[in-house]
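Subject: Structure handover

Hello,

Here is the structure I said I would pass on. My notes on it follow below.

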Amino acid sequence: MLAKTARLTESGDFARATKSGLRYTTANFVGYLYINVASNEPARAGLIISKSVGGSVSRNRLARKIRHRLREHYSLLPTGSLLVIRGLNKSATANYTVEINEIVSQLVKRANDRADKK
């Protein structure tokens with residue numbers, strides 16, 4: 001479970017990450033990473049799991065599994081960043097471990113590449 005300070009809770013933060021952030025897509029998930037360079041706040045992460053994924057039990061189970069996986073990668077996120085993982089239609093039956101690892105590593109790599117160019 002992520003600490004309370006590490007969770008995204010405001011809709012404006014979700015919108016900022018999904019509209020202005022870097023995006024990486026796999027077969028079952030979409031990851032967004034927005035980096036606010038001026039912010040000294042810790043990185044925060046949130047999930048968007050739609051009803052098309054399944055019933056409430058399967059959505060909550062998937063969310064718990066993703067949060068657990070994100071906890072392992074939380075230290076890789078840049079300070080002030082907002083990470084959002086969106087579960088797509090068939091993500092409840094997906095191999096979420098591999099895909100979440102891939103999403104976070106690719107987004108952090110892209111963010112570092114972009115920072116090196118500036």
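Start with the loop between α2 and β4, where Pro78 is found. Keep in mind throughout that this is a predicted model. Pro78 counts as partly exposed, because its relative accessibility is 21% and buried means under 20%. Leaving out residues up to four places away in sequence, Pro78 touches Ile35 and Ala43. Its C-alpha atom is separated by 9.7 Å from that of Tyr34, although the two residues are 44 apart along the chain.

Next, the hairpin. Strands β1 (residues 22–25) and β2 (residues 29–35) form it, with three residues between them. Their pairing is antiparallel and runs over four bridges. Across the pair, Arg23 stands opposite Tyr32 in β2. Which side chains of β1 are buried? Leu22 and Tyr24 are, and they point to one face of the strand. Arg23 and Thr25 point to the other face and are not buried.

Then the nonpolar cores. In soluble globular proteins, nonpolar side chains tend to be buried together. In this model the largest nonpolar core has 26 residues, and the members touching the most others are Phe29, Ile66, Leu70, Leu83, Ile85 and Ile100. At least two residues of this core come from each of β1, β2, β3 (44–49), α2 (56–73), β4 (81–87) and α3 (96–117). Of these elements, α3 gives the largest share, with seven residues. Apart from this core lies another one of seven residues, including Leu8, Phe14, Ala17 and Leu82.

Leu83 is a useful residue to click on if you want to see what surrounds a member of the largest core. Setting aside neighbours within four places in sequence, Leu83 is in contact with Leu8, Tyr32, Leu33, Arg44, Ala45, Gly46, Leu70, Leu77, Val104 and Leu107. Among these contacts are Tyr32, the residue in β2 that Arg23 stands opposite, and Leu8, a member of the other core.

Last, the charged pairs. How many salt bridges does a search of the whole structure find? There are five, and three of the pairs are described here:

- Asp13 and Arg16: their side chains meet at 2.8 Å, N to O. Both residues lie in helix α1 (residues 11–20), three residues apart, which is about one turn of the helix. Asp13 is buried, because its relative accessible area is 7%, whereas Arg16 is partly exposed at 37%.
- Glu41 and Arg44: here the N to O distance is 3.8 Å. Glu41 counts as partly exposed at 44% relative accessibility, while Arg44 is buried at 17%.
- Glu72 and Arg69: this salt bridge has an N to O distance of 2.7 Å. The two residues are separated by about one helical turn, because they are three residues apart in helix α2. Glu72 is partly exposed at 44%, and Arg69 is buried, with a relative accessible area of 14%.

The residues of two of these pairs also belong together: Asp13, Arg16, Glu41 and Arg44 are linked in a network of salt bridges. Arg44, a member of that network, is also in contact with Leu83.

If you look at one place before the rest, I would pick Leu83, since you can follow its contacts from there.

Regards

Key
Residues are numbered from 1 along each chain as its sequence is written. This is a predicted model: local features need pLDDT of at least 70, side-chain atom pairs count only at pLDDT 80 or more; totals for chains, interfaces and linings use all residues. Side-chain values use heavy atoms; hydrogens and water are left out. Buried means under 20% relative accessible area, exposed over 50%, partly exposed in between (1.4 Å probe, protein chains only). Two strands pair if DSSP finds at least two bridges between them. A nonpolar core is a set of buried Ala, Val, Leu, Ile, Met, Phe, Trp, Tyr and Cys residues joined through side-chain atoms within 4.5 Å. Contact means heavy atoms within 4.5 Å. A salt bridge is a side-chain nitrogen of Lys or Arg within 4 Å of a carboxyl oxygen of Asp or Glu.
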